[in-house]
Amino acid sequence: MLSLIVATTGCTNGSEVNLDFTNLSWIDVIILGIVQGITELLPISSTAHMRIVPTLLGLQDPGSAFSAAMQLASLTAVLSYFWKDLKKLTGETVRAISGQDYQSSSFRLMLGLLLGTLPIIVGGLLLKPILNACDSPMRSLVVIGAASIVMSLLLGIAEKRGGRERNFEKITLWDGIWVGVAQAFALIPGVSRSGSTLTAGLFLGMERETAAKFSFLLGLPAVVLAGAVELHTLFKAGLSGAGWLILLIGLTSASISAFIAIWGLLRYLEKHSTLIFIFYRFVMGVFLIVAVISGWLPN
């Protein structure tokens, strides 16, 4: 396999930012891109899988900076999939501001999406030094496993207790704020941004498909900001041209798989519950903890 190796030192060589992904082959990066694209938009934690899959394949942990930068793939997928909805929402919001109609449902929804992004911005800035550090304890498999189990239980409760009578037209400003608070917990590896927001949406009585759609839209500002910050971080870390090429390869494969993930999830939730994700996350969490304790996988 053709390996794209750069001169920039990685985590193993003392850099403050984990740049070990630069030692991956282009085939490895394509695989990780596909994994990132699918798991970023399904409620099963992309961070968890970007930590687990390399371990199972015998690869180095690509690091949170790489994972966060790769999230820009979901931005492309969400924008292309929901372009008509976003264009309509933006147009109605602009007209509401121009006409000082601050009671407009579109204006309040847009404001809710923006305010709902603040918690994860604050949390991200506070936790960035820990999450981006080499061998960060936050990215250990035990932490990921425990978070996965907790989120599977919460999603199960939300699935059972949620009213599921609210469609997208009934979403309010406060929904954006509360779901935004839940989104901030996704900074903990294993929680899952889409999983935490979908769970919160179900707790608030949204229909499954509506909760998923709202989760995708709420994630747009956070993904843009996180991706921009990590791209800046990688630039400051001295990532070379070959390193940027690795990211581009991964982003391309991730964008394609992310679009497919959106299409598949929305159609699945039209007729099915989230039980499959609840079961998957619980089993994954138990497996990771048992595997680490038994010595099958390094923590």
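This short talk goes through the aromatic pairs, two surface patches and one loop residue of the structure above.

Before the details, please keep in mind that this is a predicted model, in which local features need pLDDT of at least 70 and side-chain atom pairs count only at pLDDT 80 or more, while totals for chains, interfaces and linings use all residues. Residues are numbered from 1 along each chain as its sequence is written, and side-chain values use heavy atoms, with hydrogens and water left out.

Let me start with the aromatic rings. A search of the whole structure finds 5 aromatic pairs, where rings of Phe, Tyr and Trp (its six-membered ring) pair if their centres lie within 6.5 Å, and planes under 30 degrees apart count as stacked, over 60 as edge-to-face and the rest as tilted. One of these pairs is Tyr81 with Phe82, which is edge-to-face, at 5.0 Å centre to centre and with 65 degrees between the planes. Phe82 is buried because its relative accessibility is 2%, buried being under 20% relative accessible area, exposed over 50% and partly exposed in between, with a 1.4 Å probe and protein chains only. Tyr81, at 22%, counts as partly exposed.

The rings of Tyr102 and Phe107 have centres 5.4 Å apart and planes at 55 degrees, so that pair is tilted. Here Tyr102 is partly exposed at 40% relative accessibility, whereas Phe107 is buried at 15%. Ring pairs also link Tyr81 and Phe82 with Phe216 and Phe259 into a cluster.

Turning to the surface, which residues make the nonpolar patch? Leu153, Phe279, Phe282, Val283, Val286, Phe287, Val290 and Trp296 make this patch, of about 780 Å². Patches are made of residues with over 30% relative accessible area and no salt bridge (a side-chain nitrogen of Lys or Arg within 4 Å of a carboxyl oxygen of Asp or Glu), with like charges joined within 9 Å and nonpolar side chains (Val, Leu, Ile, Met, Phe, Trp, Tyr) within 5 Å. Areas come from the Shrake-Rupley method with a 1.4 Å probe. Helix 13, residues 275-294, gives the most to the nonpolar patch, with 6 residues, helices being DSSP runs (H or I) of at least four residues, numbered from the N terminus. Val290 is found in helix 13 and is partly exposed at 36%.

A patch of negative charge gathers Glu165, Glu207, Glu209 and Glu270 on the surface, and Glu270 is found in helix 12, residues 241-271.

Finally, Ala237 is found in the loop between helix 11 (208-236) and helix 12, and Ala237 lies 33 Å from Gly285, C-alpha to C-alpha, at 48 residues apart in sequence.

Methods
Lys and Arg count as positive and Asp and Glu as negative; His and the chain ends are not counted. The place of a charge is taken as NZ of Lys, CZ of Arg, CG of Asp or CD of Glu. Helices (H or I, at least four residues) and strands (E, at least two) are DSSP runs, numbered from the N terminus.
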